[in-house]
Amino acid sequence: MARSKKTENGRSDASPIPGRGSSTSPSPDTDRPVGPLSVVVPAEEREEVKVNNANVTELKNACDDAVKRYLSRPELFKQIYLHTDVRLGLGWASVFVAAGTAFYGYKVEFEQSKPVVWAGLILYIILTTIQTLYAYFVEGDTVYSGKRKTFSRRIVSERINLSSHTQPVKGSKQPAYEVAVTYVRSSSGGKSLLAKGKTHGVAEYSAFFDAQGIMDQEKFERWIRFPFKGTFAPPITVRDPQDLGATPGKQVPELQGPVLSALFAQQVATSLDMQRPHIAILGGGLTGLSSAFHLSRRHPEALISVFEKQTRLGGWVHSERAEVKHPEGGTANILLESGPRTLRPNAKSVLELVNLLGLKDSVITTPKTSPAAKNRYLQIPEVQAQGIVPLPSSIPSLLSSPLRSQLLPNVLSEPFKGRNRPAGIEDESFDDFMSRRFGASFARMFGSALVHGIYAADSRKLSIRAAFPSLWEAEERGRGSVVRGMLVPSKASSSLDDYDTGDVPEMMSGAPVFSFKDGMSTITNSLVRYLEGQPNVRIITDTRVELLDLVEGRIQLQTADGRTAHPDAVASALPLPVLHSVLPTHLSLPHLTANPQSSVTVINLVFPLTKGQPSIHPPGFGYLVPRSSSGYSEEGPGILGTVFDSSSLSAQDLPEDSRSRFVKLTVMLGGPHPITERHTTLDNVLKHLNAHLNSRVDGGTGGLALPKPALARTRHHVACIPTPTPGHPQRIEEMKEALSKGPWQGRLDVVGAGVRGVSVGDCVESGKRVGSHWSGLG
Ligand SMILES: C=Cc1c2[nH]c(c1C)Cc1[nH]c(c(CCC(=O)O)c1C)Cc1[nH]c(c(C)c1CCC(=O)O)Cc1[nH]c(c(C)c1C=C)C2
């Protein structure tokens, strides 16, 4: 069932867009308001409803009463008593006529009174006949009529009429309660009709009554309520409310329903204007949210709906806080990242978001001079059996580095190596490229480590042109030499013109990386808060898109809970293999399953430091572990690298004085390593970490074992980073061509890490560019 965290329409008090109000920092997800309709009356506050199970009239009456009780809540509808009033009026009128006639006949002499008595009798018969006909034809099985006025841009009046009857026993089917709903929606005092329709639902009485005849009122309300949740929840379509009914033959868990789904669709449609074009965004991760942000700004006239299969938004950008106890007393509130943890200021699209979402006050930067920015380490068994060695960051450190024999000759000789790119090749693996220019051992030691740190992938499988196009171009600029090419400035302009970055770039100047006080989720949470404040955006969580089809030329989107939508355009921010799985064969796009994806296990560790104890790691960014000379095997530790989070991000931890008492780091495993559960056990990870940190080149902690961690949190991210294999850029061109020229005719756009780049900046950028060719949708 779709569960949405959407707030009421038009709620804009939290809009962090400058000039639109506050610039408050985002509050956690839990702050999101929940519509009153989703509040279930607690069981203890209800009166028990008990009926004779064998009597369907009693069963039906109990359900009718439950409908009335539910719909008459003050926050829902105001009951209209028109039918009762008409029947009462007719009843009283017939009583008066009968009484008047009888009185007249009594007072006046028989012969003289005859005409009037006849007239009275006829009038009485007419009135009671009208009353009966009214009850039968007009009131029918009406259980409830209600009305309300809502305001969203304009006053909208809504009327619903709900009738019910019992479906008798049929074969193996038990007696069932059937509800039919009609609704009318209008504005301008009823002059302009916005929507009109009918819907119905059926459920066996046994679904709500137990063997003793006690009614499960909550269950009944859940069944009847489902669509009303939509008042605060998502629309799926603005065009065709009937679409939202359950798909024939599909079962919504437990009961057939939702009963009032068409009304649900209409409620949203009304508040948004039925004629709006509709853009659906698949995926509520960073790319999906960025797409919604930019599309909602670019197309204020359109309805934008974001579909996310999980409850949580933000994808694998995930910051959490944890209370950690120090064994010597005191606690700290430590921020843990399980996805990306830092950003680079060259990502203009991210700077733009920082500016537009009002996040400047939340930014924390790492100075260029800080060790976290300068010091990086490698763990290469061939160079130092167990420990980590610093990557040289200056000429003197290069000359004294244990890595100099690997670095110096290969880098210094590269400019003198002739052109060696094989004729006619358009792409190759990063490992092949590096081996050609710098030698195979250099490519393995440094190239594979770099690829582990970015793609968690095997550099022998990664496309140089997709992953590091600047190196490929440098080779061309340098007439065969990458080093020479890097010394020649590239012609590519890096203008900020296209980005509304305000003064954020100046604020970042000198900082190699930045993050936020509350971590990377600050961006995704702020995007969600912004989007929730937009009347034309709906975020639909817990809803998996199952099918994306074209039916008679219209886009048809089906969700796993059996609902259908007909958006005018779709932006897919799904991983490409997932997109492949939702497209029917006749619409499948080329190359969606061409690339493998890496899975990473992320283990956040927090260690307490005792007084006077030196840190457990050297100052720096962390270390990477290159591919071993024997390749990837289950025998190895499976570690890709470790990030020293305290070095760059301790400012996220509270209180301030706890920062020197705890050390946080993150160990990453998996990717191309075939890992099993054994690899990710805490004991195993600590054993290797201990060996890496205690025998480091700068002396380590003097051989002391690591303290027992105060916190260890493990997250397995399955298929989280795509590996663009050689030929990827060409394949993407072909896919884009199929999108624009094939049956989709440009109405489907595909964005995200699987398309152009895997960094946070790339994802936000792709959200900025999505559907740039869409105009005049609909
Ligand atoms: C959580 C594991 C991740 C690994 N790679 C990525 C993630 C999220 C994605 C990634 N990491 C980096 C980049 C380049 C960023 C850029 O160019 O702007 C990308 C796309 C670099 C990077 N790698 C690590 C860190 C701390 C950073 C800085 C950016 C960031 O915070 O993500 C460390 C690291 N990441 C991975 C491993 C195995 C690893 C090891 C130390 C995999």
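Me: For residues 226-273, how many contacts beyond four places in sequence does the model have?
Reply: Keep in mind that this is a predicted model. Over residues 226-273 the pLDDT stays under 50. Residues 1-40 also stay under 50, with 99 contacts beyond four places in sequence. For 226-273, the count of such contacts is 153.

Me: And what pLDDT does the protein average?
Reply: Looking at the whole protein, 84% of the residues score at least 70. The model also comes with an ipTM of 0.97 and a pTM of 0.70. As for pLDDT, the protein average is 84.

Me: On to the ligand: which residues come nearest to it?
Reply: There are 20 residues around the ligand. By class, that shell holds eleven nonpolar, seven polar and two charged residues. The ones that come nearest are Arg341, Thr342, Arg344, Gly453 and Ile454.

Me: How far is a polar side-chain atom of Arg344 from an oxygen atom of the ligand?
Reply: Let's take the backbone pairs before the side chain. A backbone N or O atom of Thr342 sits 2.8 Å from a ligand oxygen, and a polar backbone atom of Ile454 is 2.8 Å from a ligand nitrogen. With Arg344, a polar side-chain atom pairs with a ligand oxygen, at 2.5 Å.

Me: What share of the ligand's accessible area does the protein cover?
Reply: On its own, the ligand has 740 Å² of accessible area. Of that, the protein covers 87%.
It's worth asking which elements build the shell. Those giving two or more residues are helix H12 (440-455), strand S20 (622-624) and strand S21 (639-643). So much for the elements; the covered share of the area is 87%.

Me: Which element gives the most to the shell around the ligand?
Reply: Helix H12 and strands S20 and S21 each give two or more residues. The one that gives the most does so with four residues, and that is S21.

Me: Is Ser598 buried or exposed?
Reply: Ser598 belongs to strand S19, residues 597-608. Beyond four places in sequence, its contacts include Gly671, His717 and Cys720. The cut-off for buried is under 20% relative accessible area. At 6% relative accessibility, Ser598 therefore counts as buried.

Me: How far apart in space are Ser598 and Ala457, C-alpha to C-alpha?
Reply: Ala457 is among the residues that Ser598 touches, along with Tyr455 and Ala456. A polar side-chain atom of Ser598 also lies 3.5 Å from the backbone oxygen of Tyr455. In sequence, Ser598 and Ala457 are 141 residues apart, but in space their C-alpha atoms are separated by 6.3 Å.

Me: Which side chain has a polar contact of 2.5 Å with the side chain of Ser305?
Reply: Ser305 is in strand S7, residues 303-307. Its relative accessibility is 0%, so it counts as buried. The 2.5 Å side-chain partner of Ser305 is His278.

Me: Where's the cis peptide bond that has omega at about -10 degrees?
Reply: Look in the loop between helix H19 (645-649) and strand S22 (662-670), where Pro655 is placed. The cis bond joins Pro655 to Leu654.

Me: What is the phi of Asp542?
Reply: Asp542 sits in the loop between strand S14 (537-540) and strand S15 (545-551). Its relative accessibility is 23%, so it counts as partly exposed. Although Asp542 is not a glycine, its phi is positive, at about 55 degrees.

Me: Is Gln745 buried or exposed?
Reply: Gln745 is in the loop between helix H21 (728-741) and strand S24 (748-750). Gln745 isn't a glycine, yet it has a positive phi of about 50 degrees. With a relative accessible area of 53%, Gln745 is exposed.

Notes. Residues numbered from 1 in each chain as written. Predicted model: local features only at pLDDT ≥ 70, side-chain atom pairs only at ≥ 80, totals over all residues. Heavy atoms only, no water. Near = heavy atom within 4 Å. Polar contact = N/O pair within 3.5 Å; in protein donor to acceptor, adjacent residues only side chain to side chain. Areas by Shrake-Rupley, 256 points an atom, 1.4 Å probe, with all protein chains shown as cover. Nonpolar A, V, L, I, M, F, W, Y, C, P; charged D, E, K, R; others polar. pLDDT = per-residue confidence, 0-100. Contact = heavy atoms within 4.5 Å. Buried < 20%, exposed > 50% of the residue type's maximum accessible area, 1.4 Å probe, protein only.
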